[in-house]
Number of protein chains: 2
Amino acid sequence: MAARGPAGSVTIEDVARAAGVSRAAVSKVIRDAYGVSPAMRERVTAAVEQLGYRPSISARGMRGKTFTLGIEIPELSNPFFPLLLAGATAALSGSPYQLIIAPADPAHAEGYRAIRALVDRQVDGVIAVSPLVEPAWLTELSATVPVVMLGRHDRADGYDTVVSDDEAGARAVMRHLFELGHRDIAHLTGEADHATNGSGVPQTIRLHTYRTAMQEAGFGDRISVARAADVTADAHATALRMLSGSERPTAVFACHDEPALEVLRAVADAGLTADDVSVAGYDGIEIAGHPGISLTTVRQDGERMGRLAVELLLERIAGRTEARHEVIAPDLVVRSSTRPPRPCGAATRLSALGDH
Amino acid sequence: MAARGPAGSVTIEDVARAAGVSRAAVSKVIRDAYGVSPAMRERVTAAVEQLGYRPSISARGMRGKTFTLGIEIPELSNPFFPLLLAGATAALSGSPYQLIIAPADPAHAEGYRAIRALVDRQVDGVIAVSPLVEPAWLTELSATVPVVMLGRHDRADGYDTVVSDDEAGARAVMRHLFELGHRDIAHLTGEADHATNGSGVPQTIRLHTYRTAMQEAGFGDRISVARAADVTADAHATALRMLSGSERPTAVFACHDEPALEVLRAVADAGLTADDVSVAGYDGIEIAGHPGISLTTVRQDGERMGRLAVELLLERIAGRTEARHEVIAPDLVVRSSTRPPRPCGAATRLSALGDH
DNA sequence: GTGAAAGCGCTAACAA
DNA sequence: TTGTTAGCGCTTTCAC
């Protein structure tokens, strides 16, 4: 137990004195570096224990490593992101590394700021979810510190990426809706982002895939894209508007689950049901499987993505220099929020309730 | 723009040289300390800009402050916690402080480890959500670094606390259920924790309040407490067992919203409805208000709590030494998951659908 | 108002 | 195998 409290100012010097050895010796022992006799190791360990010594990360950061990995995340309120963290944390348990998270307000495009804050703190590696940060900037950054990006489709040499196959996922959704018989399918997404990485952003790919699928199916003239300034905040209002218009779609494909939940809410608010409007989301957040929600969606394995990101980062820290770009296959999960469209002019049908 | 990249190794020395001044002068300017002429400030600022200089937090940490606040959080997957973070982040925007988050796996009682990791990184202050960490340890810790604890009912001199009035909240739930006519009310909670701070844990207080309320209402003999080893993971199974027993309750009060959602799921799985079993939760997470869920709950203003915690911490950092203990009043939010119990042996009633 | 100099606690060469 | 030494980049007296 610590003699001077959890953060007592016990220094390596104190330990050295107590153990009757040099500071360098202590340093070697605590990092278990090469070249220490068992006897010395024992004595030092005892002194460390007795004094409750904890190495200062700041001091470490000035010469060597900090054993800290930084992850930048926007929107912790979107349940998909905590999944990434859970995976990352799990991958790190048992390792000497500590994860610190820097939250970045996506509304203010804070990605740069948050990543810089991490780098300023001398982390040994950075994981980030910043779709809009420029590739060039990241390449520059990655010359300084190992970097793994999550959810980006661009492939640069300097940094690794872990991404889910958004095109495949979006195609699966569209195929499913077509198979149910839908033709008037609308897509709900956020504002267009005029960033350098525009085409590498998942939302943009899903949108593009939606368009392509509609074209290919011969419904090019029925393409309908609703944009919410802030997808999360404005989805409800946008969805309501969409549903009350004269050209009400029979199905809505939302760019991810959070806005999809809002569409569901809007459907209820408008006095409609899943028989009137089918809704599909994207991400596969847990609540989507709740019987009260039962949202058809595309499951991305966030935990696996987080784990993989950490693994890639540790490889980089260990010395790998060639870039790796991992693509995860997503799964379509069909639930009762998507149903065949109501036959035109026919009587209300209340059958075809998907699952439980 | 940075000339040497986002994390370029531009030091204060380089800036000093470029500006033709001493290192000390640069240091003063960037901290805007007292005693710099406007002319010097201008020159230094220009050099900083031009070189893309960023002070090393590690080096700072060795002498002065790091302008970093650390927050320890368990279960980011529970949507209530991100709310705390949102509040904390908001309170910090515009300030020179950066927030870093250390996730702590509650299953492994990692609170100590995570808090220590923060302190090792020389944060200027710590906010933590660790109900089970011992008060004595925290008192010791708070001698080293300012500490604000979230969701603890113990009151120590060394650290501040921000907590919601769990007794009032739980009482409100019980009163509501009694008023609806329920008598067989069960409570779903986690394993008893034999920690030093046992009586200061929100869950324990809610449980105790449940017991007391039942007693006071004269239903002491109907007290029924179901314990799940891990409330989040095992709630569903525990709830199913509870509902299939011979003594099925007419209402279930869950210790927080996440298990309450599982009870709702179990109700559906058992082929029952809100008319058979009323369900109430605690926290007021957003999804509770979704029409597909419509869960009666107690709203705790997490954002406000997070904001308040940061404010208290900044006060401490600014020099305050007397402890402050803030209690937030929670609000009961009645939704359609709680209804009058079905009159014994009477016909099914489908009215009384609360809100939308 | 400004600069010189002394460390903060640690690690990494190098010497012994 | 062990100890000595020289910084890492910054802040902070304390002279000027």
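Around DNA strand C of this predicted model there are 25 residues, and the ones that come nearest are Ile12(A), Arg23(A), Arg31(A), Tyr53(A) and Arg63(B); a residue is near a strand if one of its heavy atoms lies within 4 Å of it. By class, that surface has 12 nonpolar, 6 polar and 7 charged residues. Here Ala, Val, Leu, Ile, Met, Phe, Trp, Tyr, Cys and Pro count as nonpolar, Asp, Glu, Lys and Arg as charged, and the others, Gly among them, as polar. If you look at the DNA side, 59% of the strand C atoms within 4 Å of the protein belong to sugar or phosphate, and the rest belong to bases.

Now for some polar contacts, meaning pairs of N or O atoms within 3.5 Å. Ser27(A) has a polar side-chain atom 2.7 Å from a phosphate oxygen of DNA strand C, and for Arg31(A) the distance to a phosphate oxygen of that strand is 2.6 Å. Arg23(B) goes to a base instead: an N or O atom of its side chain is 3.3 Å from a base nitrogen of strand C.

Over to DNA strand D. It has 27 residues around it, with Arg63(A), Ile12(B), Arg23(B), Arg31(B) and Tyr53(B) coming nearest. Sugar or phosphate accounts for 56% of its atoms within 4 Å of the protein. On the protein side, the classes are 13 nonpolar, 6 polar and 8 charged. Arg31(B) places a polar side-chain atom 2.6 Å from a phosphate oxygen of strand D, while a side-chain N or O atom of Arg63(A) is 2.6 Å from a base nitrogen.

How are the two protein chains related? Rotate chain B by 180° with 0.0 Å of shift along the axis and it superposes on chain A with an RMSD of 0.1 Å, fitted by least squares on C-alpha atoms of residues with pLDDT of at least 70 in both. That is the relation of a two-fold axis. The copies meet through the same surface, because 100% of the interface residues of chain B are also interface residues in chain A.

Last, a look inside chain B. The axes of helix α1 (residues 12–19) and helix α2 (residues 23–30) come within 8 Å and cross at roughly 105°, which makes α1(B) roughly perpendicular to α2(B) (65 to 115 degrees). Ile12(B), Glu13(B), Val15(B) and Ala16(B) make the contact from α1(B), and Arg23(B), Val26(B) and Ser27(B) from α2(B), with contact meaning heavy atoms within 4.5 Å.

Residues are numbered from 1 along each chain as its sequence is written, and chains are lettered from A in the order in which they are written. Local features need pLDDT of at least 70, side-chain atom pairs count only at pLDDT 80 or more, and totals for chains, interfaces and linings use all residues, while side-chain values use heavy atoms, with hydrogens and water left out.

Conventions: Axes fitted to C-alpha atoms, helices over the stretch in contact; angles between N-to-C directions. Helix = DSSP H or I, 4+ residues; strand = E, 2+ residues; numbered from the N terminus. Parallel < 35°, antiparallel > 145°, perpendicular 65-115°, else oblique. Polar contact = N/O pair within 3.5 Å; in protein donor to acceptor, adjacent residues only side chain to side chain.
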